[in-house]
Amino acid sequence: MSSGDTKLSQVLLIPSSGMGHLNPFVRLANALSDRGIAIYLLTVRPTITAAESSLLSSLPSSLLIDFPLAPFDPSLFPEVSDPVTLRWEAIRRSAHLLPSLISTITPPVSSLIIDITIASTFLPVAVAENIPCFVFFFSFPSMLALCSVFPFVPHPISTDVQIAGGVLNIPYSSIPPHFRNLNNLFTTQFIENGRALTLATGVIINTFLALEPELLAAFNAGEVVPGFPPVIALGPLPLEKKQPSSPSPALRWLDEQPEKSVIYVNFGSRSAMTMEQIRELGAGLEMSGCRFFWVLKTAKVDREEKEVEIEELLGKGYVKRVEERGLVVREWVEQDVVLFHRAVAGFLTHSGSNSVLEAAAAGLKMLAWPRGGDQRVIAASVLRSGLGIWPENWAWEAEKRVVAAEEIAVKVREFMADEKLAETAAKLGAAATAAVQEGGTSDQSWRYLITKL
Ligand code: UDP
Ligand code: UDP
């Protein structure tokens with residue numbers, strides 16, 4: 001990645017917070033740079049998570065521009081415990097500082113690409129400054145559809161949401177419970193951001209046409225929201241298919257496993273199960289008899305992760321009992337490497353948008369266990385597209401219900417034995433590869449975007 005002053009387009013990227021946002025932004029930045037666009041990345045420090053901090057420090061410092069925020073008092077939102085949502089709000093409330101910051105950048109910024117979570121305050125500033133402004137949306141087109149129609153449905157929401165006259169039905173049960181509460185900060189941000197989207201020059205989305213073709217067509221025919229800006233599906237953004245110079249013990253363990261034999265279990269960077277559910281999952285993986293590689297988190301924010309021994313969580317003797325076929329780790333893993341590893345056959349995922357897209361790009365079948373937010377909407381898309389299965393009765397995070405070990409074991413076994421699913425997932429993986437090749441649908445989207453930056 002590099003910035004250069006001889007290039008024509010200078011694009012300022014403005015991520016908000018959370019690894020699920022920074023990771024795709026960095027991938028987008030790399031891809032833009034590869035296409036000859038000069039880029040800058042606005043950063044707010046200190047970051048909320050250690051993972052973000054470490055990713056930022058791996059980038060050339062010449063690309064990073066500090067964004068000092070306006071004073072922000074989190075006690076205004078006593079009901080919000082999630083530091084990431086609070087950071088989004090702090091950035092949202094600093095949009096007025098953008099013009100003076102941009103005026104110091106040379107050569108001048110020709111367009112902006114901003115995070116969806118800050119859209120409603122930054123888009124009006126961009127319009128006033130007459131700078132083209134694209135919104136980067138991280139989730140699936142079905143979630144973009146919910147985001148764009150949600151401001152206009154009767155509130156509080158109490159029914160399914162129909163998109164484009166039935167192209168898509170989003171069941172009430174998939175809509176995050178906090179969307180019923182109009183006093184919830186995330187809900188108000190979601191509504192305001194959704195309403196502002198028509199101000200965008202375009203909406204960039206890290207997906208490929210074959211995943212949700214009818215819906216993308218409906219968007220661009222103006223059937224989801226009239227006057228909606230172009231939806232630019234340019235994914236999957238390239239992953240860094242790097243082998244670390246000294247493979248971690250976890251990757252070395254994977255290297256020793258037979259071809260296509262392991263289920264990889266990871267619920268992303270922001271989900272943590274209750275201790276009771278963790279124990280049931282541990283027992284379920286053991287009972288399944290399948291080989292597994294499980295990244296076990298107990299805290300939502302990595303800096304708050306306590307140093308607890310695995311056996312303290314899963315019971316004495318667990319590690320030894322499963323050692324022939326199971327590995328549990330408590331650290332961040334290079335998921336982009338793991339998903340492409342020859343030993344990995346399937347992915348038990350929380351259905352975070354990045355995780356699902358990364359696995360789709362790898363042609364890997366998924367067992368979806370959505371935990372919150374947009375994850376049920378995405379799990380439904382995983383199911384529809386043939387990428388995976390979704391046991392719809394499995395509880396999400398806010399529910400107190402625990403999914404029992406026996407049920408997990410049966411489902412994991414069934415999933416791992418499902419050859420047909422592996423085949424359809426592999427076909428979608430091939431479609432993802434074709435989409436980004438010259439002349440493919442995502443390549444065409446890229447060409448369009450470059451002309452507009
Ligand atoms: N989102 C949105 N508008 C907002 C905030 C979020 O459309 O104002 C979308 C965005 O794509 C995000 C998704 O909703 O990724 C789900 O948000 P979640 O709470 O799961 O947080 P995240 O996974 O992004 O950290
Ligand atoms: N990730 C990773 N290693 C981990 C956990 C997560 O590399 O141990 C990456 C993952 O590849 C993805 C991002 O962190 O790019 C998580 O984003 P996602 O949208 O899947 O879920 P979120 O963490 O926002 O819930």
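**Ligand shells, core and sheet in a predicted model**

Modeller: By class, the shell around ligand 1 holds six nonpolar, nine polar and two charged residues. The model is a predicted one.

Biologist: Which residues of the shell around ligand 1 come nearest?

Modeller: Ser 139, Cys 147, Asn 193, Gly 373 and Asp 374 come nearest, out of 17 residues around ligand 1. Helix H6 (141–149) and helix H7 (185–196) are the elements that give two or more residues to this shell. H7 gives the most, with three residues.

Biologist: What makes Gly 373 polar and Asp 374 charged in such a count?

Modeller: Gly is placed among the polar residues and Asp among the charged ones, so Gly 373 adds to the polar class and Asp 374 to the charged class.

Biologist: How is the shell around ligand 2 divided by class?

Modeller: The shell around ligand 2 has four nonpolar, 12 polar and three charged residues. There are 19 residues around ligand 2, and Gly 20, Gly 268, Gln 335, Gly 352 and Ser 355 come nearest. Two or more residues come from each of H1, helix H13 (335–338) and helix H14 (353–361). H14 has the largest share, four residues.

Biologist: What makes Asn 130 exposed?

Modeller: Asn 130 has 7 other C-beta atoms within 10 Å. A residue is exposed at 12 or fewer, so Asn 130 is called exposed. Asn 130 is found in the loop between H5 and strand E5 (133–137), and its phi is near 60°, a positive value in a residue other than glycine.

Biologist: Why is Ala 164 called partly exposed?

Modeller: Ala 164 has 18 other C-beta atoms within 10 Å. Buried needs 20 or more and exposed needs 12 or fewer; 18 meets neither condition, so Ala 164 is partly exposed. Phi of Ala 164 is also positive, near 45°. The residue sits in the loop between strand E6 (161–163) and strand E7 (168–170).

Biologist: How do you know that helix H3 (residues 83–92) is mostly covered?

Modeller: Seven of the 10 residues of H3 are buried. These are Val 84, Thr 85, Arg 87, Trp 88, Glu 89, Ile 91 and Arg 92. Buried means 20 or more other C-beta atoms within 10 Å, so each of the seven reaches that cut-off. Helix H5 (119–129) and H7 are among what covers them.

Biologist: What makes strand E12 (326–329) and strand E15 (388–389) edge strands?

Modeller: Six strands form an open sheet in the order E12-E11-E10-E13-E14-E15, with parallel pairing. E12 and E15 each have a single partner strand, so one side of each is left without a neighbour in the sheet.

Biologist: How do you know that strand E13 (residues 344–349) pairs with strand E14 (residues 365–368)?

Modeller: Four bridges join E13 to E14, and the two run parallel. Pairing needs at least two bridges, so E13 and E14 count as paired. Leu 348 stands opposite Leu 367 in E14, and Phe 347 has Met 366 in E14 as its bridge partner. Five bridges join strand E10 (residues 262–266) to E13, also parallel, and the bridge partner of Ile 263 in E13 is Gly 346.

Biologist: Why is E13 described as largely enclosed?

Modeller: Six of the six residues of E13 are buried, so the strand is largely enclosed by the rest of the structure. H14 lies across E13 and E14, running at about 165° to E13.

Biologist: Which residues have the most contacts inside the largest nonpolar core?

Modeller: They are Leu 13, Ile 114, Val 135, Phe 136, Val 203, Ile 204 and Ile 263, in a core of 126 residues. Helix H1 (residues 19–34) gives the largest share of this core, eight residues. Leaving out residues up to four places away in sequence, Ile 263 touches Cys 290, Phe 292, Ala 345, Gly 346, Leu 348, Val 412 and Met 416. A core member must be buried, so Ile 263 is a buried residue.

Biologist: Which peptide bonds lead to Pro 46 and Pro 236, and what makes them stand out?

Modeller: The bond from Arg 45 to Pro 46 is cis, with omega near 0°. The bond from Gly 235 to Pro 236 is cis as well, with omega near -5°. Pro 46 lies in the loop between strand E2 (38–43) and helix H2 (50–57), and Pro 236 in the loop between strand E9 (231–233) and helix H9 (249–255).

Conventions: Residues numbered from 1 in each chain as written. Chains lettered and ligands numbered in written order. Predicted model: local features only at pLDDT ≥ 70, side-chain atom pairs only at ≥ 80, totals over all residues. Core = buried A, V, L, I, M, F, W, Y, C linked by C-beta atoms within 7 Å. Contact = placed C-beta atoms within 7 Å. Near = placed C-beta within 6 Å. Axes fitted to C-alpha atoms, helices over the stretch in contact; angles between N-to-C directions.
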